[in-house]
Amino acid sequence: MSERLTLAQALVRFLAVQEIERDGERRRFFGGCWGIFGHGNLSGLGQALHQHRDLFRYRQARNEQAMVHVASGYARQLNRLGTFACTSSVGPGATNMVTGAALATVNRLPVLLLPGDTFATRAPHPVLQQLEAPHDATMSVNDCFRPVSRYFDRITRPEQMVPSALEAMRVLTDPAETGAVTLALPEDVQTEALEVPESFLAPRVWTVFRRPPAQDALARAADLVRAARRPLIVAGGGVIYAEASEELRALADAAGIPVCETQAGRGALPSEHPLALGAVGATGTLAANRLAREADLVIGVGTRWSDFTTASKSAFQDPDVRFVNVNVASFDAAKHSGLALEADAKLALAALAEALAGHRADAAWERRAGDEARAWGEEVARLTHAGHEPLPSQAEVIGAVNEAAGPRDVVVCAAGSMPGDLHKLWRARDPKGYHVEYGYSCMGYELPGGMGVKLAAPDREVFVMVGDGSWLMAPGDLVTAVAEGVKLVIVLVDNHGYASIGALSRSIGDAGFGTHYRRAANGAPVLDAGDGPAEELEALPIDLGASAEALGARLLRPRGIEELRDALETARAESGPVVVHVEVDRYAGVPSYEGWWDVPVAEVSDDPAVRAAREEYERAREEQRPYVEGGS
Ligand SMILES: Cc1ncc(C[n+]2csc(CCOP(=O)(O)OP(=O)(O)O)c2C)c(N)n1
Ligand SMILES: [Mg+2]
């Protein structure tokens with residue numbers, strides 16, 4: 001039995017009935033389709049989405065990049081058990097999604113991208129917005145998706161849709177493979193008909209089977225833990241995606257192993273747990289970084305070991321340090337010459353706890369962890385209640401949001417100085433309460449990413465924390481939040497410029513060049529290095545709050561922390577998006593706590609500040625380690 005449908009109609013019908021199941025729980029995989037129509041998707045997918053609007057919901061975005069971020073935020077909040085499809089026109093609409101694809105793939109999040117492509121027949125070529133490559137007739141701008149997709153196909157005949165859609169689902173639902181999946185759809189082929197087998201259109205369940213660790217690998221991992229004097233767990237996003245927090249806590253409690261966290265793994269263990277050391281690495285806490293320095297066995301769970309996590313490979317200094325890597329992906333499990341425990345985090349942590357039954361880490365090490373964790377809690381309280389004048393510090397704003405947020409509420413952030421501060425300071429209470437996109441750290445993710453979170457978890461309040469620079473990168477989809485009635489509390493933290501990059505620039509001896517403005521003799525603002533705070537403009541003559549209000553959000557403008565607390569309460573009570581615009585002191589940053597990040601400094605310069613920075617850089621680099629000893 002078969003039905004005659006256009007490719008686009010077949011695809012929409014297929015996507016609408018895909019389901020995913022894990023641990024006996026089943027849900028629809030796609031929350032619907034986001035899109036912006038133009039030539040390339042209007043007559044194919046647009047027609048099909050219109051015809052099947054009761055089957056598969058269509059939502060309109062304002063920027064194609066943003067709609068992919070919505071899908072990523074949604075997927076992450078659902079522990080990768082769901083996403084959106086995203087359709088674009090040919091050309092700029094398609095390439096606007098490339099950044100979103102990279103973000104999804106870097107963060108290992110499923111998103112399905114359906115960019116329109118130029119005619120397979122090539123009859124009217126070159127069409128509006130077509131890139132012509134004189135040396136390669138098969139190329140289009142959509143080839144840009146290849147390096148940022150985990151699966152790419154260009155469907156040049158309608159029959160190809162059937163096997164390609166199945167491959168797409170395989171990749172999207174496989175935790176080891178997942179990322180952006182791109183099916184480039186030539187605009188003529190979208191409208192062409194094929195005989196679609198009925199079984200292709202029938203509801204289909206993709207079961208995520210949890211993969212157990214190999215017994216001999218598990219035994220070796222347990223031996224390594226027993227032999228270790230100073231074991232440390234680094235919890236990554238994989239712990240949260242696998243819903244393995246309980247198993248993590250049980251292992252930490254039973255074996256007395258302290259736990260620190262990557263950005264994606266933040267909240268794997270509640271901050272109040274006595275063995276929770278919080279953030280590790282370049283943006284780590286003093287507690288985590290001190291123990292990391294001495295650890296002789298590091299158990300990485302669901303982490304891809306980014307440079308921020310390893311402090312650019314300076315975090316772990318024991319000369320004999322070994323790694324055990326629990327990961328669903330062999331690629332990550334093999335890193336740092338670790339013992340690869342290729343497995344689902346929930347099963348692996350439970351199995352490790354069982355294999356270690358009766359074993360406890362050195363009592364002095366555990367005590368150390370408890371003391372450091374307590375001291376860090378006090379440092380957080382000091383930083384978040386500093387009473388900074390006349391403008392509050394960003395740390396105080398984070399503290400106020402943290403205190404206003406309920407135990408299940410979610411904080412969302414992505415770029416600037418806030419991710420590092422949040423990593424250190426946020427007191428986590430729920431594994432799904434901390435959502436900082438720091439794989440791609442993409443300015444402009446915050447608002448659409450937060451929308452995705454809210455669509456996935458409507459019962460949670462979502463606090464989007466966004467810097468003024470990130471806000472300006474992509475404020476337009478505030479209109480989408482208004483149109484779709486997506487409630488967000490957007491805390492727009494305004495320090496008048498790229499403060500994080502200014503600080504980084506000063507640290508390499510370059511005086512904050514290109515990140516702030518001075519006033520020229522004639523009073524006009526000029527972009528320059530300046531010589532520090534005294535010479536800066538207070539602000540450009542712009543009003544970001546008013547811009548948010550003009551796009552349809554309720555605007556609140558608290559001055560100082562007490563007013564901010566009231567504003568956050570008011571914002572909670574609203575039903576649509578609220579922007580809380582708060583000004584902070586650009587220079588009241590949170591220091592680094594023995595964390596380092598490898599940012600190279602010019603080897604030769606006339607400037608003594610650059611030369612001094614280079615000397616310091618070379619000293620710091622001596623701590624960098626290759627982590628090549630080990631293996632299985
Ligand atoms: C799309 C994108 N472009 C550039 C960067 C590099 N970058 C990281 S943070 C930053 C400045 C962010 O400014 P803002 O949001 O105001 O945060 P602040 O640094 O002031 O805390 C820049 C340019 C980036 N992460 N993403
Ligand atoms: Mg800023």
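Visitor: Which residues are closest to ligand 1, and how many surround it?

Guide: A shell is read by listing the residues around a molecule. In this predicted model, 15 residues surround ligand 1, and the closest are Ser417, Gly469, Ser470, Gly497 and Ser500.

Visitor: Which helix gives the largest share of the shell around ligand 1?

Guide: The largest share comes from α19, with four residues. Both α19 and α21 supply at least two residues each.

Visitor: Which polar side-chain or backbone atoms lie a short list of distances from the oxygen atoms of ligand 1?

Guide: Take them one residue at a time. A polar side-chain atom of Ser500 is 2.6 Å from an oxygen atom of ligand 1. For Gly497 the atom is a backbone N or O, 2.8 Å from a ligand oxygen. For Asn495 a side-chain N or O atom lies 2.9 Å from an oxygen atom of ligand 1. Taken alone, ligand 1 exposes 590 Å², and the protein buries 77% of that.

Visitor: Where does ligand 1 sit?

Guide: Ligand 1 sits in the largest pocket.

Visitor: Which residues coordinate the magnesium ion (ligand 2)?

Guide: A metal site is read from its donor atoms. Here they are Asp468 (OD), Asn495 (OD1) and Gly497 (O), at 2.0 to 2.2 Å. Their spacing in sequence is D-x26-N-x1-G. Asp468 lies in helix α19 (residues 468-473) and Gly497 in the loop between β21 (489-494) and α21 (499-507), so this pair ties together parts 29 residues apart in sequence.

Visitor: Are Asp468 and Gly497 buried or exposed?

Guide: Both residues, Asp468 and Gly497, are buried.

Technical notes: Residues are numbered from 1 along each chain as its sequence is written. Chains are lettered from A and ligands numbered from 1 in the order in which they are written. This is a predicted model: local features need pLDDT of at least 70, side-chain atom pairs count only at pLDDT 80 or more; totals for chains, interfaces and linings use all residues. Side-chain values use heavy atoms; hydrogens and water are left out. Donors are N, O and S atoms within 2.8 Å of the metal (3.2 Å for Na, K and Ca); water is not among the atoms, so sites may look incomplete. Buried means under 20% relative accessible area, exposed over 50%, partly exposed in between (1.4 Å probe, protein chains only). A residue is near a molecule or strand if one of its heavy atoms lies within 4 Å of it. A polar contact is a pair of N or O atoms within 3.5 Å; within protein, one must be able to donate a hydrogen and the other to accept it, and residues adjacent in sequence count only if both atoms are side-chain atoms. Accessible areas come from the Shrake-Rupley method with a 1.4 Å probe; for residues, only the protein chains shown count as cover. On a 1 Å grid over the protein atoms alone, a cavity is a set of points where a 1.4 Å probe fits but cannot get out, and a pocket is an open set with protein on both sides within 12 Å along at least five of seven lines; lining residues have an atom within 4 Å of a point. A molecule sits in a cavity or pocket if more than half of its atoms lie within 2 Å of its grid points.
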